[in-house]
Structures are given as structure tokens and as C-alpha cells.
Amino acid sequence: PTPDQIKGAARGAQRFIDPAIYDRIIPGLVVQIRSSDGTISTELQVQSIGDIDYIGVPCEWFVEFGLQLKERLHPRRALVVGSANDIVGYVPTAPAFERGGYETTFLTSSKLAPPAGQLLLDTAISLAAPNARRA
């Protein structure tokens, strides 16, 4: 995280709760991120029944990702199952990060880098692709 993100001063950052809550949570989150290799391990899951792929994502994924998933897996039908098996927080699109908002404000609920959504999308498509070829 950047110094501005840590302070809650990044463009578009919004703090709707008592700022003291953020000030108590963010130092521990920064330590956790800096003491890791900069990654968070989680799982994506694809379960297929007939021509429907249920894509389990461990987050609150912005709808644009689900729409891209459906488009790229067509003619199979894809249904996104959010907060499946884990929860890594909000996963906004790159334009949402530019715009700002509570989903992009650095906190435990929004601690992933902007490329995370595309990485999850590409991984979900690669997991579902073998099923698409069978359709």
C-alpha cells in the first residue's frame, strides 16, 4: 500500500466509520502485508452441471467481471457464486480504483491490488475452459 492509501488520503478514499477504527486496523494490516510475499492465497472453484458452470469466487467481485466471464464462456452458461469458500474482500475493476469509493478504500475489506480482479477472471476462465470444450 502507498502512504496515501495507509492514511486514507488516496484519491476517492472514503471513511464512513469513526476514523479511530481505521487507525486501529490499518497498522496491523500493513504489517501483515509487508511481512508476506505480497500475495494472498485463496481458491477459485468451478463446478459444472450440464451446460452450467458455477464459478465460486472468494470475494465480492464487481459485476463487470461476472459479465465478462459469461461472455467469454458463452455458449455455456456461467453463474458466479460470490464469497465462496473464503472472503478476501472487495475486488473492484481498474476503473473503480481510479474513481474511488468505499470498496476501493484500503482496509481489511479492500486490500488487493487493482490487477487482482483480472487475475481472478483469467483463472476462472482457465478452470472452466475444459468444460466449455466438452459442451
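## Strands E1, E2 and E4

How many bridges join strand E1 to E2, and do they run parallel or antiparallel? In this predicted model, E1 (residues 45–49) and E2 are antiparallel, with 5 bridges joining them. You can follow the pairing residue by residue: Gln-45 stands opposite Gly-56 of E2, and Ser-48 has Asp-53 as its bridge partner in E2. The two strands form a hairpin with 2 residues between them, and Gly-50 in this hairpin takes a positive phi near 60°.

E2 also pairs with strand E4 (residues 77–81), here in the parallel sense and over 5 bridges. Gly-56 appears again in this pairing, as it stands opposite Val-81 in E4. So Gly-56 is worth finding on your screen, because it faces Gln-45 and also Val-81.Is strand E2 enclosed or open? Of the 5 residues in E2 (residues 52–56), 4 are buried, so the strand is largely enclosed by the rest of the structure.

## The nonpolar cores

The largest nonpolar core has 21 residues, and those touching the most other members are Ile-55, Cys-59, Trp-61, Leu-69, Leu-73 and Val-91. Helix H3 (63–73) and helix H5 are the elements that give two or more residues to this core. H5 gives the most, with 6 residues. In soluble globular proteins, nonpolar side chains tend to be buried together.

Leu-73 is a handy place to look around. Leaving out residues up to four places away in sequence, Leu-73 touches Asp-53, Ile-55, Ala-78, Ile-125 and Ala-128. Another core lies apart from the largest one; it has 6 residues, among them Leu-29, Val-30, Phe-106 and Leu-107.

## Thr-123 in helix H5

Helix H5 covers residues 116–134, and Thr-123 is found in it. Is Thr-123 buried or partly exposed? With a relative accessible area of 31%, Thr-123 is partly exposed. Leu-44 is 79 residues from Thr-123 along the chain, yet the C-alpha atoms of the two are separated by 7.8 Å.

## Pro-92 and Thr-93

Two neighbours in the loop between strand E5 (90–91) and helix H4 (94–99) deserve a look. Pro-92 lies in this loop, and Thr-93 is found there as well. Pro-92 counts as buried because its relative accessibility is 2%, under the 20% cut-off. Thr-93 is buried too, with a relative accessible area of 10%.

What does each of them touch, setting aside residues up to four places away in sequence? For Pro-92, the contacts are Phe-62, Phe-65, Phe-97, Glu-103, Thr-104 and Pro-114. For Thr-93, they are Phe-62, Glu-64 and Phe-65. Phe-62 and Phe-65 therefore appear in the list for Pro-92 and in the list for Thr-93. By contrast, His-74 is 18 residues from Pro-92 along the chain, and their C-alpha atoms are separated by 23 Å.

## A patch on the surface

Which residues make the nonpolar surface patch of about 350 Å²? They are Phe-16, Ile-17 and Tyr-102. Phe-16 is found in the loop between helix H1 (3–7) and helix H2 (19–35). With a relative accessibility of 62%, Phe-16 counts as exposed, the cut-off for that label being over 50%.

## Backbone points to check

Most residues other than glycine have a negative phi, and most peptide bonds are trans. A few places in this model depart from that pattern. The peptide bond from His-74 to Pro-75 is cis, with omega near 20°. Pro-75 has its place in the loop between H3 and E4.

The loop between E4 and E5 holds two further cases. Ser-83, found in this loop, has a positive phi of about 55° although it is not a glycine. At 40% relative accessibility, Ser-83 counts as partly exposed. Asn-85 is found in the loop between E4 and E5 too, and its phi is near 70°, again a positive value in a residue other than glycine. Asn-85 is exposed, with a relative accessible area of 58%.

Methods. Residues are numbered from 1 along each chain as its sequence is written. This is a predicted model: local features need pLDDT of at least 70, side-chain atom pairs count only at pLDDT 80 or more; totals for chains, interfaces and linings use all residues. Side-chain values use heavy atoms; hydrogens and water are left out. Buried means under 20% relative accessible area, exposed over 50%, partly exposed in between (1.4 Å probe, protein chains only). A nonpolar core is a set of buried Ala, Val, Leu, Ile, Met, Phe, Trp, Tyr and Cys residues joined through side-chain atoms within 4.5 Å. Contact means heavy atoms within 4.5 Å. Two strands pair if DSSP finds at least two bridges between them. Patches are made of residues with over 30% relative accessible area and no salt bridge: like charges are joined within 9 Å, nonpolar side chains (Val, Leu, Ile, Met, Phe, Trp, Tyr) within 5 Å. Accessible areas come from the Shrake-Rupley method with a 1.4 Å probe; for residues, only the protein chains shown count as cover. A salt bridge is a side-chain nitrogen of Lys or Arg within 4 Å of a carboxyl oxygen of Asp or Glu.
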